[in-house]
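Thanks for joining; let me put the model up on the screen, and then I will talk through two of its features.

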Amino acid sequence: MSTLQRLWRHLTTTQRSARRAFPAATLKAIQHKIAEGEVTHRAEVKMIVEGSLSLPAVLNGVTSRNRAHELFAHYRIWDTEENVGVLLYVNLADHKVEIIVDRAVGRAIKSAEWQAVCKTMTKEFANGAFHDSTLAALEQMNGYLTQHFPDQGRKKNELSDKPLVL
C-alpha cells in the first residue's frame, strides 16, 4: 500500500470508528474474558484498540508494530513481577493486530502460536464481527498462557483488565 493510501485510511478512521467496532458491551465482554483467563494463568494481558495513528506518525513511517511496542512501554506492560506481560494491540486503520510479549512469555510461547491468535481475531474483522472474533482469540490466548504459566495460587492482578480505546 502506498503512503498516500495509508495516510487516507488513517485520516478517515477515527476514534468513533473504534468505538463502533468495539462498543461498551464488547469492551465489557473483553474485560471479563481477560479477567477470566487471568484466574487460570499468571500472565498479565492488556488490550488496546486504536482507530488510527497521528498524521506525523504515518508520515514518519511508524508501523502498527512500532506503535504496539511504544504502547507496551508506555503502559508498563513489561513491568510485571514475572515478566509475563502481554499486549494485544488492534490498529483499525492499518487492519493490523499485534501481540507484544514480555521476556518470559516470549521464551515459552512460539511466534506461530501468536500468529494463530492474530488469525483467529482478524478472520472475521472484514465482516464486522469484532466482538466474537476478539473473544475467541482471547480464549485461545488464555489457553496458551494457562499451558505455559498456570496459576499457582499466589498471583496478584498487576495490570487493569479493562481494555483501552485510544
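Which residues make the nonpolar surface patch of about 450 Å²? Before I answer, a word on the source: this is a predicted model, in which local features need pLDDT of at least 70 and side-chain atom pairs count only at pLDDT 80 or more, while totals for chains, interfaces and linings use all residues. Residues are numbered from 1 along each chain as its sequence is written, and side-chain values use heavy atoms, with hydrogens and water left out.

The patch is made by Trp8, Leu11, Leu55 and Leu59; patch residues have over 30% relative accessible area and no salt bridge (a side-chain nitrogen of Lys or Arg within 4 Å of a carboxyl oxygen of Asp or Glu), and nonpolar side chains, namely Val, Leu, Ile, Met, Phe, Trp and Tyr, are joined within 5 Å. Areas come from the Shrake-Rupley method with a 1.4 Å probe. Helices α1 (3-12) and α4 (55-59) each supply at least two of the patch residues, where a helix is a DSSP run of H or I with at least four residues. Leu59, in helix α4, has a relative accessible area of 52% and is therefore exposed, the cut-off being over 50%.

Turning to the rings, the structure holds 3 aromatic pairs, with centres within 6.5 Å. Phe22 and Phe130 have their ring centres 5.4 Å apart and their planes at 55°, so this pair is tilted, that is, neither stacked (under 30 degrees) nor edge-to-face (over 60). Phe22 lies in the loop between α2 (15-21) and α3 (24-38), and Phe130 in helix α8 (residues 130-148), 108 residues apart. Phe125 and Phe130 also form a tilted pair, at 4.5 Å and 45°, and ring pairs link Phe22, Phe125 and Phe130 into a cluster. Phe125, at 14% relative accessibility, counts as buried, which requires under 20%.

Terms used. Rings of Phe, Tyr and Trp (its six-membered ring) pair if their centres lie within 6.5 Å; planes under 30 degrees apart count as stacked, over 60 as edge-to-face and the rest as tilted. Buried means under 20% relative accessible area, exposed over 50%, partly exposed in between (1.4 Å probe, protein chains only). Patches are made of residues with over 30% relative accessible area and no salt bridge: like charges are joined within 9 Å, nonpolar side chains (Val, Leu, Ile, Met, Phe, Trp, Tyr) within 5 Å.
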